[in-house]
Amino acid sequence: MMKRLFIAEKPSVGKAIAGALGVKKSYGNYIECRTGDTVTWCFGHLMELEDADVYLPADIPTTKSGKKKWRQEDLPILPDTWKTCLRKKDGKTDPGVKKQYDLIKKLVKAADVIVGAGDPDREGQLLIDEVLETCRLPKSKQVLRYWASAIDDASVRKALNNLQPNDSKKFVGMRNAARARGRADWLIGINASRAYSLAAQRGSSSLTGSVNIGRVETPTMNLVALRDAEIRNFKPKPYFVFKGTFVADGIRFQATLQLPEGHPGLDSEKRLTSGAAAKQINDALRGANSGTVKDCESKQAEQNPPLGYSLADIQSAANAKYGYSAQQVLNCCQKLYEVCKLTSYPRSDCQYLPTSQFGDVKQVLAALKSVNPDLAAAVAGANPALKSKIWNDAKISAHHAIIPTQSARPAEMAEDEKNVYRLLVLRYLCQFYPPAKLSKSRLTVSVNGFDFVCSGTAVLDPGWKKIAGGDEAANDKKGQEEDQKVPALKKGQAVTVEKIAAVRELTKAPPHYTEGSLIKAMQNIAASISDPRAKKWLKDGDGIGTSATRAGIIDKLKRTGMLELKGKNLLATAKACTVLAELNVYVKDPIMTAKWEEMLQGIEDGTSSLADFEARQRKFATDIVNETKEKKIAIQAG
């Protein structure tokens, strides 16, 4: 029998594969299986691109920390041959990474067949391949690819029965695309950061620290700065709302004037901003004492449970409810997953679950009852036979929604971990309650040719809402109607006009970003882009950054003095605004990510090459260095 070695991206996947193969004996960081196979794993990327110092001459003066000084004459830094190294921690090789890497090298030598089990995406392909490249496998050694987007038993077994050649066009393309993205980020990040830092040193003799420039962090910083400027420059504009109080069948109710599209005086958001138009309407309605019911309808509707939490969703929800930072929520989710074993993999961009996991529902609910005795009634009321819209194989990405696991072992949790866990548990429980049943009513009253509309929603049966537990994200407030009882009148029925008045209101500035809303803005950056081609690539590529990196990017921007917290609000600092004003427009525009994604997809498909893409980025890095060579940036303080 040929000896197979499975190398997973992370321990949870490796253990799931070993469980399906049948565990014979566990040795800590690898497992021997009853099939004769061995399973081990990485901890995400074990390898990383070498630091810029490796490519610079040895005689360059060094700083107190031992790093080579940043000098204009050394830019741009364009590696002739790319070098990788084991992942570092605080500037030194991470000892845990080295230990695992050495183990993998040893296991690789003993195996006849290697099976890469990275996540089913570009980075998952690269991180196993780059480890194998350093092992210098003989050509006789076969390498296969394991491909699964979930770690439930059914998904794992299906993937084990469908192993594919790792050198297929599909996987080579994915590896090359990931490699191209990493090299381009290095070229732009290293050269732009050094070029602008040196320009800032020339213009600000007292500057401490560096100016960090990156494909994701700089557009993120720019998002905040633009929002701040919009708020700072905002001038409230008056608009008019006509409200009427009516009486019919002894029932008093209010309705709001609804003007047809194109009516004189309406702005782009259908607000009546013209005082002259408001006066004409007021004159036309003055003295009116009766109206006629133009339409009255009532219909029942259902509101399905909210989908599961992606990392961005849980970060946004916990920030709104508890004020937790994005990094704090990620840390909580990571501990709940790795240490407590109470939730699934957290760095997910998906809100759905694979149908293969539906068979686990009863076991998960039983575990929830054991771990959360205070939710015993909510668990008891759940119907495991209900299949909500969360179960959708077509919507599964590299991961699935973050959900509770079958672990019934109570764990020590800090308060923030308990709160994040409870949000995840309640969202999962919502799936096994029926849709909320609503009665939606709408009444239109015509007065002198003008339509006044009264609408409302009554909850007939709360369904999943009764156990949502104040989960703000679960309460879909978008488009919610006024909470008032709409009288059941007949078409053509006369109503008495008690009062009609024009209310002068003022437009409001948009809110400052919070960490939660900024995470969502990064994910949904396509909404702010007008270019249709760029919009498509950003939407398909899940915005800027990834679920795994967004919290770290925001945290870095705070640490480097580019963003600051005031209460829950994130603001761009004076330093950030100064730098942004001097930056190459393309560097701070998310369209760069869109254009990259289009080119990376071509590399993945085999219609364009890694070399051509890299050549473009080398030229761009060189252009940035040249345009900043004489620049002096006076960094503002405060």
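A cavity, on a 1 Å grid over the protein atoms alone, is a set of points where a 1.4 Å probe fits but cannot get out, and its lining residues have an atom within 4 Å of a point. The model is predicted: local features need pLDDT of at least 70, side-chain atom pairs count only at pLDDT 80 or more, and totals for chains, interfaces and linings use all residues. Residues are numbered from 1 along each chain as its sequence is written, and side-chain values use heavy atoms, with hydrogens and water left out.

**Exercise 1. State how many cavities of 30 Å³ or more the structure holds, and describe the lining of the largest cavity.**

Step 1. The structure holds 1 cavity of 30 Å³ or more. A volume here is the space filled by probe spheres set on the grid points, which are joined across faces, edges and corners.

Step 2. For the largest cavity the volume is about 30 Å³.

Step 3. Its lining consists of G308, Y309, I390, I402, I403, L424, R427, Y428 and Q431.

Step 4. Sort these by class: Ala, Val, Leu, Ile, Met, Phe, Trp, Tyr, Cys and Pro count as nonpolar, Asp, Glu, Lys and Arg as charged, and the others, Gly among them, as polar. The lining then divides into 6 nonpolar, 2 polar and 1 charged.

**Exercise 2. Examine the backbone at P76, D90 and N448.**

Step 1. Start from the general case: most residues other than glycine have a negative phi, and most peptide bonds are trans.

Step 2. The bond from L75 to P76 is cis, with omega near -5 degrees. P76 sits in the loop between β5 (47–49) and β6 (84–86); strands are DSSP runs of E, at least two residues, and helices are runs of H or I, at least four, both numbered from the N terminus.

Step 3. D90, not a glycine, has a positive phi of about 55 degrees. Its place is the loop between β7 (88–89) and β8 (92–93), and its relative accessible area of 77% makes D90 exposed (over 50%; buried is under 20%, partly exposed in between, with a 1.4 Å probe and protein chains only).

Step 4. N448 has a positive phi near 50 degrees. The loop between β15 (436–447) and β16 (450–461) holds N448, which is partly exposed at 48%.

**Exercise 3. Place L103 in the structure.**

Step 1. L103 belongs to helix α2 (residues 95–110).

Step 2. Its relative accessibility is 17%, so L103 counts as buried.

Step 3. Beyond its neighbours within four places in sequence, L103 contacts N29, Y30 and T40 (heavy atoms within 4.5 Å).

Step 4. Between the C-alpha atoms of L103 and E302, 199 residues apart along the chain, the separation is 55 Å.

Note on methods. On a 1 Å grid over the protein atoms alone, a cavity is a set of points where a 1.4 Å probe fits but cannot get out, and a pocket is an open set with protein on both sides within 12 Å along at least five of seven lines; lining residues have an atom within 4 Å of a point.
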